[in-house]
Amino acid sequence: MDLLWIVLGLAAAALGGWPVTSGVLKLARAVEASRPGRDPAHDPAADQVHELHGAPAIPPLPSRPPFPPGPVILRGGLVIGFLERIAVATAVLADEPVAIAYVVAIKGLGRYAELKETPAAAERFIIGTLASMLWAVGIAVAVRVALGRA
């Protein structure tokens with residue numbers, strides 16, 4: 001029975017964290033858009049968030065000139081997010097919270113070049129990572145409580 005709780009907890013952490021993280025990023029974008037003098041349509045990282053059903057979570061940016069092609073910002077974030085949440089939840093369930101530091105370090109080092117070049121991407125990276133990890137930790141702690149290991 002414990003194994004079932006653990007598997008369900010890991011699935012909830014990985015899959016449930018995606019809409020939560022996406023929602024937090026949308027909220028952050030809405031807050032930023034409400035500030036005077038800022039045009040969110042020129043956010044280079046805005047086109048990186050998509051709804052689960054394939055429809056854009058954020059209205060598409062205006063068409064850009066074909067040349068020069070800009071760098072793609074923070075590609076693979078969806079898959080990285082799933083893996084990150086599984087790793088964080090597993091670390092909490094295994095009572096090895098120090099492993100979370102490894103996840104953060106690997107993720108930060110892997111994205112360092114992109115984050116250094118684009119402040120908007122760096123901000124989205126921090127917000128998304130925190131939301132994702134908080135979700136995973138919350139689910140893992142709930143599973144530990146349900147298993148009587150809190």
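In which helix is the place of V143? In this predicted model, V143 has its place in helix α4, and the description below begins with the chain as a whole before it turns to the single helices and returns to this residue.

The secondary structure of the protein chain comes to 4 helices and 0 strands, so that, read along the sequence, the pattern is α-α-α-α. Of the 150 residues of the chain, 33% count as buried. Among the contacts in the chain with a separation of 6 or more, 74% are accounted for by residues 24 or more positions apart.

Helix α1 covers residues 2-34 and has 33 residues, which at 1.5 Å a residue should span 48 Å; the C-alpha atoms at its ends are 46 Å apart, and this agrees with the expectation. The helix bends by about 35 degrees at G17, and a proline, P19, follows within four residues. The buried residues of α1 include G9, A13, A14, G16 and G17, together with W18 and L25, and T21, S22, R29 and E32 are also among them. The buried residues of this helix pack against α2 (77-93) and against α4 (119-146).

Helix α2 has 17 residues and reaches 24 Å from its first C-alpha to its last, which is close to the 24 Å expected at 1.5 Å a residue. Its buried residues are G81, E84, R85, V88, A89, A91, V92 and L93. In an α-helix there are 3.6 residues a turn, so residues three or four places apart point the same way. The buried residues of α2 pack against α1, α3 (98-117) and α4.

Two residues of α2 may be followed individually. G81 is found in this helix and, because its relative accessibility is 7%, it counts as buried; the C-alpha atoms of G81 and A14 are separated by 7.7 Å, although the two residues lie 67 residues apart along the chain. E84 also has its place in α2, and with a relative accessibility of 3%, which is under the 20% cut-off, E84 counts as buried. When residues up to four places away in sequence are not counted, E84 touches V103, K107, T129, S132 and M133. Just after α2, D95 takes a positive phi of about 60 degrees; D95 is found in the loop between α2 and α3, and it has this positive phi although it is not a glycine.

For helix α3, the 20 residues should span 28 Å at 1.5 Å a residue, and the C-alpha atoms at its ends are 29 Å apart, which agrees. This helix bends by about 60 degrees at R111. In α3 the residues I100, V103, K107, R111 and L115 are buried, and the buried residues of the helix pack against α2 and α4.

The packing of α2 against α4 can be described in some detail. The two helices pack at an angle of about 40 degrees, with their axes 8 Å apart, and their crossing is right-handed. On the side of α2, the residues that take part are G81, E84, R85, V88, A89, V92 and L93, and in α4 they meet T129, S132, M133, W135, A136, V137, A140, V141, V143 and R144.

The largest nonpolar core has 14 residues, and those with the most contacts inside it are A13, V88, A89, I100, M133, A136 and A140. The elements that give two or more residues to this core are α2, α3 and α4. One of the residues with the most contacts inside the core is A136, which, leaving aside its neighbours within four places in sequence, is in contact with A13, R85, V88 and A89.

The residue of the opening question, V143, belongs to helix α4 and counts as buried because its relative accessibility is 6%. Its C-alpha atom and that of D2 are separated by 9.3 Å, while the two residues are 141 residues apart along the chain. Leaving aside its neighbours within four places in sequence, V143 is in contact with W5, I6, G9 and L93. Of these partners, G9 is among the buried residues of α1, and L93 is among the buried residues of α2.

Key: Residues are numbered from 1 along each chain as its sequence is written. This is a predicted model: local features need pLDDT of at least 70, side-chain atom pairs count only at pLDDT 80 or more; totals for chains, interfaces and linings use all residues. Side-chain values use heavy atoms; hydrogens and water are left out. The expected span of a helix is 1.5 Å times one less than its number of residues. The bend at a residue is the angle between axes fitted to the seven residues ending there and the seven starting there. Buried means under 20% relative accessible area, exposed over 50%, partly exposed in between (1.4 Å probe, protein chains only). Contact means heavy atoms within 4.5 Å. A nonpolar core is a set of buried Ala, Val, Leu, Ile, Met, Phe, Trp, Tyr and Cys residues joined through side-chain atoms within 4.5 Å. Axes are lines fitted to C-alpha atoms, for helices over the stretch in contact, and angles run from 0 to 180 degrees between N-to-C directions. A crossing is left-handed if the near helix is turned anticlockwise from the far one by less than a right angle, and right-handed if clockwise.
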